[in-house]
Every structure is written in C-alpha cells, then in structure tokens.
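Trainee: Could we go through this one together, starting with whatever term I need in hand before looking at the helices?

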Amino acid sequence: MDIEALNKDVESAIRQVNSLQELDELRQKYLGRKGIIAELTGSIPGLPKEQRGAFGQQVNALKQKINALIIGKQQSLGQAAVGPAEGLQDITMPGVACEPGKLHPITQVIQEICTIFMNMGFAVFEGPEIETEYNNFTGLNIPLEHPSRDVFDTFYLESQSKDRLLLRSHTSPAQVRVMKSSKPPLAVVVPGKVYRPDAVDASHSFMFHQIEGFMVDEEIKFSDLKGVLEVFAKAVFGKDIKMRFRPHFFPFTEPSAEIDISCIICGGKGCSVCGRKGWLEILGSGMIHPNVFKQVGYPAGKYTGFAFGLGIERIAMLKYGINDIRLFFENDLRFLKQF
Amino acid sequence: MKFTYNWLKDFVETKLTAGQLAGKLTMAGLEVTSLEEKGKDFVFEIEVTSNRPDWLSVIGIAREVAAITGKKIKGATRAVNRQSAGKCKKPCEDTLAIQVENKKDCPLYTAKVIRNVEVGPSPDWLRERLELVGCRSVNNVVDITNYILFTFGEPLHAFDLDILKGDMICVRRARSKEKITTIDGEPKELNENILVIADRDNPVAVAGVMGGRNSEVTEKTKNVLLEAAVFEPVLIRRGRRALGLQSESSYRFERGVDLEMVEPASWEAERLLQDICGGSCVLAKASTRPKKKPRTVALDTSDTKKFLGADIAVSKIKSILSGLGFSWKAKSAKRLSVGIPSHRPDVAVAVDLLEEIARIYGYEKIPNTLPAVKPRVPEFQERDAIRLIKNILVGLGLQEVITYSLIERGRLKGFFPEQEAVAIANPLSSEQEMLRPTLMPSLSAAVAYNLQQKAPYISIFEIAKVYQVNGKETYHLGIAFCGTRSLWFGPQSPHANDQAGILHLRGVLDVLFQRLGLLAPAEACHFAQGQGLDEYSVQVQKKTMTVGMLKRLPGEILDRLDIKHREVFLAEVDLGKIIPRIQKIRPIRPPARYPGITRDISLSLPQGITFEKISQEISNNGKELLQEVKMSDYYTGKHISAGHKGLTVSCLYCSAERTLTDAEVNTIHAQVIKALQEKLGATIR
C-alpha cells in the first residue's frame, strides 16, 4: 500500500469525523489489532532486506501521525479520552498508587513543635550529642558532686584524653553553647537525642529525644514564659486544654516551674494515664539562673531569660495514645506506617 | 518523703482536709505524688527536690503549710526551750572526749550519755507512726532516733555505750584497709575518703551513713550514747557511693542538715528516751560550734514587676517572707535586706527570693504575656538540608526509622573495625557498649526484625549521627532494601513484581543527588566497584571523593541476623560531605519548543559491556542532538547467545531551534548503531 496515499486518506477521514464513536471506529481501522498499520508492519519481513529499514521508519512515522491526529480530534470533540466500549472499570477495586514512605513519628512531632516555635520567631539550633562535663553540668549550675545530679545519670565515653566526654543527658548544654557564641536577643529551640543509663521498659529508654527552648533579652519576664508556653501547649494539644504552672526545682533556672496540662484522655476527671490526678506533666521550665549567665560571660544583671525542656517521646505518646516507649525504637513497619 | 496528716498537725493547725492540703502543697512546689487514707490518718508522699533538704522533715513541711495558710508553727519551740534548760540532771563520774579530726568534715558533733535505759518494744503510737511512713519498728531506742529524724530532719544515732572503748568518740577519716561490719550485716573495707565515727580503737559507724553492727542498740543495752551531728555533704555522698549504701541518714546529710536543728532534735530525743525508756541523761558534750555568719540577701521589690511580670504589693511581699521564716529590714521604700534562716541554704541570691514570693503568691496569679521577638535572618543550615533529604526520601516511598545510637560490640563485625569505634565507659548492658561508627548494623537489625514479623518488602532509611574515636560526630544517611512486593497497577497490567536489588539503592541516590543539585559534570555521583564483589563506592567531585557505599550483606552477616532466603541491600552516605555541596539554586532549562524524535535500538551485547559504556558510546556519536538515553528493556535467556545480554535503549533526539527531520535523525542514529556494533561488539536484534 502506498504510504503517501494513506497519509492523505487519514487526514481527510479524520477531518470528516463528527462523533467519538466514529473516531473510535477510525482508530480501530488504522491502529487496531488487525488494522492497516498492523498489516503494514506485518509485511516488513517480506520486503527485500535493504528496503526494510526505511519502510519501517515510514510506517512508524505514519502511526505517530495518526495517533496525534486522533488525540487532537478527541480534544476538539470536547472529550478527554475515549474509554473502552464496555464502560468504566470496577470502582470498588483498589486504587492505583505508590505506597508512600512516612517520617518517623518522633520526627513528625519534632517538626510540629519546631514549626510552632519558628512561627513565634525562634531559630532552630542543634548541638552535638558528645558533650563535655562542663557544658552538661557545671556551665548549667549543676555542681559535680551534688544530689541534683542524681536525676542526670550519664553515659561517659572511654577516652584517653583527660577531658571527660559524655553523651549529653539533656539538650540544655546547647544553652551554654549558643550563649557563649552569640549575644542576646536570642530565641532558640534545640531538638535532639539525649542519653541516660536507664534500664529499658515501657516508660524508660536509654536514648530519647528532647526539645530545649530558651529566650534571652533585656526584659524577658516569668510572665512571658507563661505566655509562650501557653501558646505552645494549646497549639499541640488544642485550645480547650487547661494548664497549670507548678513550682519546681532545676539547678539552671530560678524560679522554676513544671507545667501540667489537663489530662487529654479523661479531661481532668482522673484516669490510669494521668494516675488519677487529672493532670499530665509535659515540661519543665524556668527563668535562666544568673549563674548560667555568669558562666557564659554575660554582664551581671544585664539580661534575663527563660528556658524550657520537654521530652518528645512523652508528647508523642500522649498525642497518639501510645503506652510503650519501646515501640518508637523497635521500628516495626506495621507501627510506623500508621503515622 | 512520707508523712501523715496527724503528725503534721502536731506542728501546725489547719482546717484544710488532707485532700485540700495535698492540692495546696502541690501548687507550692511540694508535689504530692500519693495520698492514702490509712486507719484514722492519711499518708502523704511528696517529691522533695534536691534544693530543699528542709522539706525532708515534718517540721519543715509544717513551716511551709504555715506560710501557705497564714498560720503559725507550734510545738517545735518546745524542744528549743528545753535546749536552754538542757542541763544534765545529776553530775556524774562519766567522762567523754570528743575529737573531731577535721572541722570541715564535721562542723558540729554532739553526744549525750543516757544511762539505765530499758530497751523494749515501742509504744503503739510510735510504732504505728513509723510504720505508716514505711519505717520498720526495731526497738524503742532506735525507733525514737528514727522518729526524731522524720520529725526534725536531723539524723541521730544511738550507740551501745558499754561497747565503746576508751571513753572517747573520734570523728576521723578511715585508715586504709580498716574494716567495719555495718548494721545490714555486710563487712566493708574502708579507705581515707570515708569519714567514720570511732572509739579509741576502731570505727563504730560510717559517719552519717550507717552504724556498726557491734555497737548497735539491742535488748541487752543498758546505756546509750546518742549522737547528733552535721557532716560535710560531699564527703557523705562519696562515702555512701563507695560503699554502695544508702540510708535515710545519708539521704539527708548529703543534701544538708540544718545546724540549728541539731540540739533541739537531740534534746527532744533525750526527753523521749526518758519518758519511754526510763533513761536519764548524765552527760552532754559537743564540739565547738562553728561561727555563725548571718546571711542576708538584698531584694528590690520592684523586681517582682520587672522579672516576674506581676504587681505584688510591698506589704504582701513582706508578709510572704515573714511567713516563710525570713527576716527583713527595709532599706528604702522598695529595697529590703532579707535575713536567711539557717534551714534555707538554697537561698543565696535575689532570684531565689523572687521564686519564694512567686511560689507563695501563686504562679497561677502571674499573668501570661508574650514577649517581643526580634526577627533574625534565617540561614540554610544542616538541619534544613536534613529535612529536605528526609522529604525527598519519603517521597520515594522509603519509611524513616530511628534506631539506637549505642550498639553491641559484636554487631560491628563485618561492618567496621571495632577498635576504631568509641566505647562507653559505663554501659548498663552489652547493648550499650559502643557508640556506633556506622548505621549499617542497626538498619540490618531493623530489616531482620521486620522479616521476623513477616514483612514481605522493606525499604527504610535513617539519618543519624555516627561517631569517631576523636569525639567527632557526623550525620549519615543509611538506606536498606529487602524483599519482594507485588505492585497493583490496575487490571490493565496486573502482574507487576518489584524485587529489591542494588539498583533500588542507586535509583534512590540518583534522585536524591539530582534533587540536591549535585549535578554533572563536577559533582555528579558515580558508582565504582568497591573492595569486595558485593560493594560499590559512591563518589562525587569527578570521582575524587568517596561519600558512601552500597553493599549487599554477605552470607555470614545474614546468618548472624538469622535472615534466610533473602538478600539485604544497604547504602550509607556521609551527609557531612554531601550537605556543603547542595546547590539550593540551580539552572532550570525551558522545555523544548520543538518535538523530538525517539529511536529505539534493540541490541545483543557481551555481558561485560556496562550500560555506562553503552550510553557513553551513544552520547559520543549522538552529538548535541541527543537529549536522553533511556534503558527500556533488559533480557537474558534462550533468545540470546550465552554470555550475552539483550538490551533495548531509547534515544531521544531533539533540537532547541527547529523540528528535526526524519532524514537527519536517521543519519545520526545510523552512526550511533554503527559505533555500538564496531566498538562494543553489539548485534542489532
């Protein structure tokens, strides 16, 4: 068959089509399984060897052209596509999609919390996990031999050097690092891993995550701490939660406060999650102790600031109703895929 | 710290119920962790923070209740009055010498000799009170010392006087290798860092921690030496840690015991020993009292507004301070000089007083305000890069995992030389021995765990620190693939299987590096054969810098992880080397205005010819019109001769200036085919 002639026939035939049904008939005629193009392709092996290549290319070009013409006509007939005559597929079959990957729930909670503080103007900083005794303790007004260190059991590194290195037992050393390297005004949050030699059980892990936050300037007040943390808690747990600030003790803040929210499980009536108290402790905070400012070399009395720290796993467990911290590190895909 | 409602009411009047009191205490900083009704009493348990040793006593808590409720503390003064009358009734022949080797170790030591005690069971009221707070009743003498400890926070110790040799008490450091058997029955070897109470010859107690067995008060005891003292906190802490001991006494001494409470407590004990045990005090001796320095802290009352953000009247401030036992002198309308009582060693600077004021005023009454935040210029940092990388990887269907940074030594085998990894000096278990230098062992274990849970297909990643012996830590990216999944692409193509392989790793890294702007030619990533057959290294910077590796887990590691009939593919990339190369802004080309022409080539080639060589050859001959070379089919089997593979590649030719004609593409494409045939020994299929 003459390719040139076919070229012209096709063009005029398609021009004359007026309905999708006619267009589909035309498609069958040219492109169908027993259509003209298939016939041409089938004839190639019968040709003399030297003609095969050029002829094949001509057929290929024609096929592409017909395709393009049909698609153009479809659009001009105002239809997106011509479906098979028997109608749509069974819509109750599973949809076709790639299975998505997910961020680890701890990553998601860290990002959520960082975003809340970044929207309030805080910058994100990360410090190292291997720390000095100075940054982890002394610089934060925690004397080396003092009962206040008992809550901070710490992993030490085996090392030849005389400086004792440890794995930070909280994210607070970042306060010392940031303040030593920058002048106020400062508004910083520090997410990261921390380590404490604890036997692993449903509520303890020797590795977990914290977020430290602090703000230092010339007129930062305790009432600002209350205000900022209220914004935070309501953003994470909802506008309707109640909060209370309880006096507490941390060596690096004075005054110090622990913050409770009304139990998100029972609404404050008392249940097993809140230990029948109606309140859940979510973070520790306070006004940065003048000794910490002294350690980082700020002039006495010039600056005030607040700091707070919270455990990410605890927030995630409360948020998602998880009662075993080990699930976060077991990495069972059936658990992780739900987030 | 446990105490009971009735015990507390011995020292302060209150109309509050136990429940109401628990609420008030919690909101004042003495968090009540449990409240139980037991018989006719209520048992409170409070969490006492390490700065408040004064709360380790019923009287200390009574002071706090008095301050919160505006009442006065009662009863405690009784003992103080007795102290002034604290003379022994009859002169006697007893002599006792107190030697304190170092005043720093023991600022005050007092001893009372009490004769003719009748040791026996305690009266019911005493036994019941102690049992309510979880203290076992021993005998009336020991119970009295414990009762005073809980009431006053002053630990006492009673020795059997007739066991002590030489009429002397010596407070000294233990000598090297000296031994003592403590009340718990354990023999202990002592050293110079441990403070002991000794008679003329031997230690009879580990000072402030635990008494010795041979001098303890038993039913046979007739005469008692009653010790009340203050010891240096750090010394007590070191001593009890070295000996692995902990007691109600050491708990208080290492937090600090109030010097002013020593005499009242010991005289109250003397009174009880007389009333209950019939003993009489014949001798009272004490080491010289250290000189008292009255401590004052200057307070600017307007700081409550500036620092706390609360308007609190000066009169209110004064009454709060007085209620807590602080004295004050007005220096001006706003300025006070505040005297610190001896039971408040924690108050040293003005903010400590501001906390006291805020606590009693009520944190809840301080308003919530928002500070003005001064904006800063954000910089693109490591953390933003990591967030971007994580988002790209989850977009590719990988699941993020978080595994422990500490791992067991043995798990490094086959991955990393263990002597080059950082060890933990004080691990609790073998799982915490090392800080990991590579993510691969943890990811392999995560794969093994999920295979045990019958996961058919695993594609995971982690971004975490790895650690070097020099203390340096760097973020690494680890990726693991394992298993087969059947994909559902609808009824048109229902049989798609995806079996994880090394190219899955390559695919992920190709997309990642492309998205990060690590582009050809300078930074494009290359994959080169690594040390073993199963390893490839990932290189950038014209192949001059290795940034990571791809690996198929060898059989011995699979065996160790108990992985059977599966292959595991791992990648690890040093992000410390990648992140500085990220191009945030990179050139974007407009799409071609003129349509391109695609030509497929089906080839049969010797197995050893790599795709890289083929595409290189095509590019060399396809010249500038060649836009893209894509692999579209791969085949080995009966239609291909042995040692060969069948490939189909698609070549896209395109020009930015014009529509290409078939003829010119044909010419170029013919050259491409010719080169493949001649240079690579390809046959066209």
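Mentor: A crossing is called left-handed if the near helix is turned anticlockwise from the far one by less than a right angle, and right-handed if clockwise. Keep in mind that this is a predicted model.

Trainee: OK, so which hand is the crossing of α5(B) and α6(B)?

Mentor: The crossing of these two helices, α5(B) and α6(B), is left-handed. On the side of α5(B) the contact is made by L126(B), R127(B), R129(B) and L130(B), while α6(B) brings D143(B), N146(B) and Y147(B). Sorted by type, the residues of this contact are three nonpolar, one polar and three charged.

Trainee: And at what angle do α5 and α6 of chain B pack?

Mentor: Helix α5 (residues 124-132) and helix α6 (residues 140-152) of chain B pack at an angle of about 55 degrees, and their axes are 10 Å apart. Because of that angle, α5(B) counts as oblique to α6(B).

Trainee: Switching to strands, in what order do the three strands of the open sheet in chain B come?

Mentor: The order is β1-β3-β2, with antiparallel pairing. The edge strands, each pairing on one side only, are β1 (2-4) and β2 (31-38) of chain B.

Trainee: How many bridges join β1(B) to β3(B)?

Mentor: Three bridges join β1(B) to β3 (residues 41-47) of chain B, and the bridge partner of T4(B) in β3(B) is V43(B).

Trainee: Last thing, how many residues of chain B are in contact with chain A?

Mentor: On chain B there are 76 residues in contact with 68 residues of chain A. Helix α12 (residues 350-361) of chain B gives the most to that side of chain B, with six residues.

Key. Residues numbered from 1 in each chain as written. Chains lettered and ligands numbered in written order. Predicted model: local features only at pLDDT ≥ 70, side-chain atom pairs only at ≥ 80, totals over all residues. Contact = placed C-beta atoms within 7 Å. Helix = DSSP H or I, 4+ residues; strand = E, 2+ residues; numbered from the N terminus. Pairing = 2+ DSSP bridges. Axes fitted to C-alpha atoms, helices over the stretch in contact; angles between N-to-C directions. Parallel < 35°, antiparallel > 145°, perpendicular 65-115°, else oblique. Nonpolar A, V, L, I, M, F, W, Y, C, P; charged D, E, K, R; others polar.
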